[in-house]
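Colleague: I am new to this structure and would love a friendly tour. Could you show me how to read a few of its features?

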Amino acid sequence: MATPTSRDVLASMPVYKPGRVALDEAHKLSSNELPYPPLPSVLERLAGELGRINRYPDAGNTALVERLSQALGQPAESFAASTGSVAVLYSLLSAYCSPGDEVVYAWRSFEAYPIAVGLAGARSVGVPLTADGRHDLDAMAAAVTDRTKVVMVCTPNNPTGPVVEHDALVRFVDALPPQVLVVVDEAYVEFVRDPAAARGLDVLEGRPNVVVLRTFSKAYGLAGLRVGYAVAHPLVAQEIRKVVAPFSVSGVAQAAAIASLDAADELAARVDAVVAERTRLRDALLEAGFEVPEAQGNFVWLPLGDDALDFAEAVAPVSVRPFAGDGVRVSVGLPEADDHFLGLAKAWRER
């Protein structure tokens, strides 16, 4: 029986793979989620908004944008919000890419990049990371052609962990043609402790071809509500907003994001705890003989190559994120879950 035919690009497009189901939520170390439950003040704000779900949310995210503007010192017209930073990226690529355009990014990086690029009708140009899991900015610059429309920089890089240094990023951006849009993906910026790390908002200053992506899914613990945003030159932000589906961010999600910004000190303490646990986890893995690149997100990376899938099976029922032929990403969890993982990882190493 004949069926409708989808777009040709879907035939070769990979399917995004969510984190694997674990024995329980505490042992799910595959999705880079914050391991703590929502703050009471956030839950209280959510409860107040639930009584209004018969109404459409504010399509302009007005209160959220005003609060972000205050927090980040950027004009309100510089923001574009949607259901997670990845959705903002989809809209950005739809707004700026046409068939035949190219998008340059490091690889391996965020798994959604090639999917988003393909759906926009553009062509991915993946530039290999360095041996220690970092962006090779010189090679990325060399990959830019007159067909390049967007360059994406993920810092800290997901899934490998290292950051792009600030001075290097400034030199990189300033060397590119001004018509090339540079997207600085800072989904994990709150976990960064390297003083030399890139500061996306500073790079944006005076550079209308720079866009910074951020999210409430990671450090703010709102992964299930889907709120992310871009900060860009007002004209660029306006073009992104044109492509975002109306009413994308629910009223509940907007309220939770504002409440999270209001509870910044409490959330910062949680982030500090994750960073401390990240150090403990990485140190234990290094001591056990694993190679672990610098970790600046809320995860660590094990470049296990062809052993990635075998390792992921061996540490079950703890859920980790394997990338066949490359390595395994392990989210930082609560200490007891991390200890369970470490015991299984050491047993695999010693087998």
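Colleague: Let me begin with a cysteine. How far is the sulfur of Cys154 from the closest cysteine sulfur, and which residue holds that sulfur?

Modeller: Happy to help, and please keep in mind that this is a predicted model. A disulfide needs two cysteine sulfur atoms within 2.5 Å. The sulfur of Cys154 is 17 Å from its closest partner, in Cys97, so the gap is too far for a bond. Looking from the other end, the closest cysteine sulfur to that of Cys97 is the one in Cys154, again at 17 Å and too far for a bond.

Colleague: How many disulfides does the structure hold, then?

Modeller: Zero.

Colleague: Is Cys97 buried or exposed? And is Cys154 buried or exposed?

Modeller: Here the cut-off helps: a residue counts as buried under 20% relative accessible area. Cys97 is buried, at 7%, and Cys154 is buried too, at 3%.

Colleague: Now to empty space. How many cavities of 30 Å³ or more does a search of the whole structure find?

Modeller: The general idea is that rolling a probe the size of a water molecule over the atoms shows where empty space is left. In this case, the search finds two cavities of that size. The largest cavity has about 60 Å³ of space, and the second largest has about 40 Å³.

Colleague: Which residues line the largest cavity?

Modeller: Among them are Leu34, Pro37, Pro38, Leu39 and Val42, along with Tyr220, Gly221 and Leu222. Sorted by class, this lining has eight nonpolar, two polar and one charged residues.

Colleague: And what lines the second largest cavity?

Modeller: Its lining includes Tyr16, Phe110, Glu111, Asn158, Arg321, Phe323 and Arg329. By class, there are four nonpolar, two polar and three charged residues around the second largest cavity.

Colleague: Where do Arg321 and Arg329 sit in relation to each other?

Modeller: That takes us to the strands. In general, strands of a sheet pair through backbone hydrogen bonds, either parallel or antiparallel. Here, Arg321 stands opposite Arg329 in E10. Strand E10 covers residues 327-331, and three bridges join E9 to E10 in an antiparallel pairing.

Colleague: What is the strand order of the sheet, and which are the edge strands?

Modeller: This is an open sheet of three strands, ordered E8-E10-E9, with antiparallel pairing. The edges are strand E8 (299-302) and strand E9 (321-323), each of which pairs on one side only. On average, neighbouring strands of this sheet are turned by 20° against each other, direction ignored.

Definitions and conventions: Residues are numbered from 1 along each chain as its sequence is written. This is a predicted model: local features need pLDDT of at least 70, side-chain atom pairs count only at pLDDT 80 or more; totals for chains, interfaces and linings use all residues. Side-chain values use heavy atoms; hydrogens and water are left out. Buried means under 20% relative accessible area, exposed over 50%, partly exposed in between (1.4 Å probe, protein chains only). On a 1 Å grid over the protein atoms alone, a cavity is a set of points where a 1.4 Å probe fits but cannot get out, and a pocket is an open set with protein on both sides within 12 Å along at least five of seven lines; lining residues have an atom within 4 Å of a point. Grid points are joined across faces, edges and corners, and a volume is the space filled by probe spheres set on the points. Ala, Val, Leu, Ile, Met, Phe, Trp, Tyr, Cys and Pro count as nonpolar, Asp, Glu, Lys and Arg as charged, and the others, Gly among them, as polar. Two strands pair if DSSP finds at least two bridges between them. Helices (H or I, at least four residues) and strands (E, at least two) are DSSP runs, numbered from the N terminus. Axes are lines fitted to C-alpha atoms, for helices over the stretch in contact, and angles run from 0 to 180 degrees between N-to-C directions.
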